[in-house]
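Dear colleague,

I am handing over the structure we spoke of, and it is placed just below. After it I have set out what was found, so that you can follow each point against the coordinates.

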Amino acid sequence: MVECKIYLDVCCLNRPFDDWSQERIRIEGEAVLNILHRINAQGWQLIMSETIAAELEKMSDLEKSEQSG
């Protein structure tokens with residue numbers, strides 16, 4: 001089996017949560033979900049950077065503060 005290492009930036013990771021009413025966004029969202037499925041099912045490796053982890057954490061903190069406010 002070929003080991004695949006996949007790097008997705010924050011824009012890619014957020015695409016499945018965007019408004020899918022536009023065809024391009026729907027196609028991109030489906031592609032990202034397909035890649036994430038393959039990471040789980042086929043043992044692909046998702047490569048993360050400290051920068052992406054920090055950006056995702058900031059987004060998580062912002063969503064939490066918006067929900068409580």
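Which residues does Arg 15 touch, not counting residues up to four places away in sequence? They are Trp 20, Arg 24, Ile 25, Glu 28, Gly 29 and Val 32. Please keep in mind, here and throughout, that this is a predicted model.

Arg 15 itself sits in the loop that runs between α1 (10-14) and α2 (23-42), and its side chain makes a polar contact of 2.7 Å with the side chain of Asp 18. Its relative accessibility is 13%, and because buried means under 20%, Arg 15 counts as buried. Ile 27, a residue of helix α2, has a C-alpha atom separated by 9.7 Å from that of Arg 15, the two being 12 residues apart along the chain. With a relative accessibility of 42%, Ile 27 counts as partly exposed.

As for the overall arrangement, the protein chain has three helices and two strands, which follow one another along the sequence in the pattern β-α-α-β-α. The chain has 69 residues, of which 17% count as buried, and it exposes about 5400 Å², with carbon and sulfur atoms supplying 53% of that area. Among the contacts between residues at least 6 apart in sequence, 60% join residues that are at least 24 apart.

The largest nonpolar core consists of seven residues, namely Ile 6, Leu 8, Val 10, Leu 13, Ile 39, Trp 44 and Ile 52. In soluble globular proteins, nonpolar side chains tend to be buried together. Two members of this core deserve a closer look.

The first is Ile 52, which is found in helix α3 and is buried, with a relative accessible area of 3%. Leaving out residues up to four places away in sequence, Ile 52 touches Tyr 7, Leu 8, Asp 9, Val 10 and Leu 13. The C-alpha atoms of Ile 52 and Asp 9 are separated by 6.8 Å, although these residues are 43 apart along the chain.

The second is Trp 44, which, when its neighbours within four places in sequence are set aside, is in contact with Cys 4, Ile 6, Ile 35, Arg 38 and Ile 39. Of these contacts, Cys 4 counts as partly exposed, at a relative accessibility of 24%.

On the cysteines, the structure holds zero disulfides. Cys 11 is in no disulfide, and the nearest cysteine sulfur, which belongs to Cys 12, is 5.8 Å away. Because a pair of cysteine sulfur atoms must lie within 2.5 Å to count as a disulfide, that separation does not qualify.

How far the coordinates can be relied on varies along the chain, and a word on confidence may help before you use them. The average pLDDT of the protein chain is 85, and 83% of the residues score at least 70. Among the elements, α2 has the highest mean pLDDT, at 94, whereas helix α3 (residues 50-68) has the lowest, at 73. Where pLDDT is low, the predicted coordinates should not be read in detail. Since Ile 52 is found in helix α3, you may wish to keep that helix's mean pLDDT of 73 in view when reading its contacts.

With kind regards

Definitions and conventions:
Residues numbered from 1 in each chain as written. Predicted model: local features only at pLDDT ≥ 70, side-chain atom pairs only at ≥ 80, totals over all residues. Heavy atoms only, no water. Helix = DSSP H or I, 4+ residues; strand = E, 2+ residues; numbered from the N terminus. Buried < 20%, exposed > 50% of the residue type's maximum accessible area, 1.4 Å probe, protein only. Polar contact = N/O pair within 3.5 Å; in protein donor to acceptor, adjacent residues only side chain to side chain. Contact = heavy atoms within 4.5 Å. Areas by Shrake-Rupley, 256 points an atom, 1.4 Å probe, with all protein chains shown as cover. Core = buried A, V, L, I, M, F, W, Y, C linked by side-chain atoms within 4.5 Å. pLDDT = per-residue confidence, 0-100.
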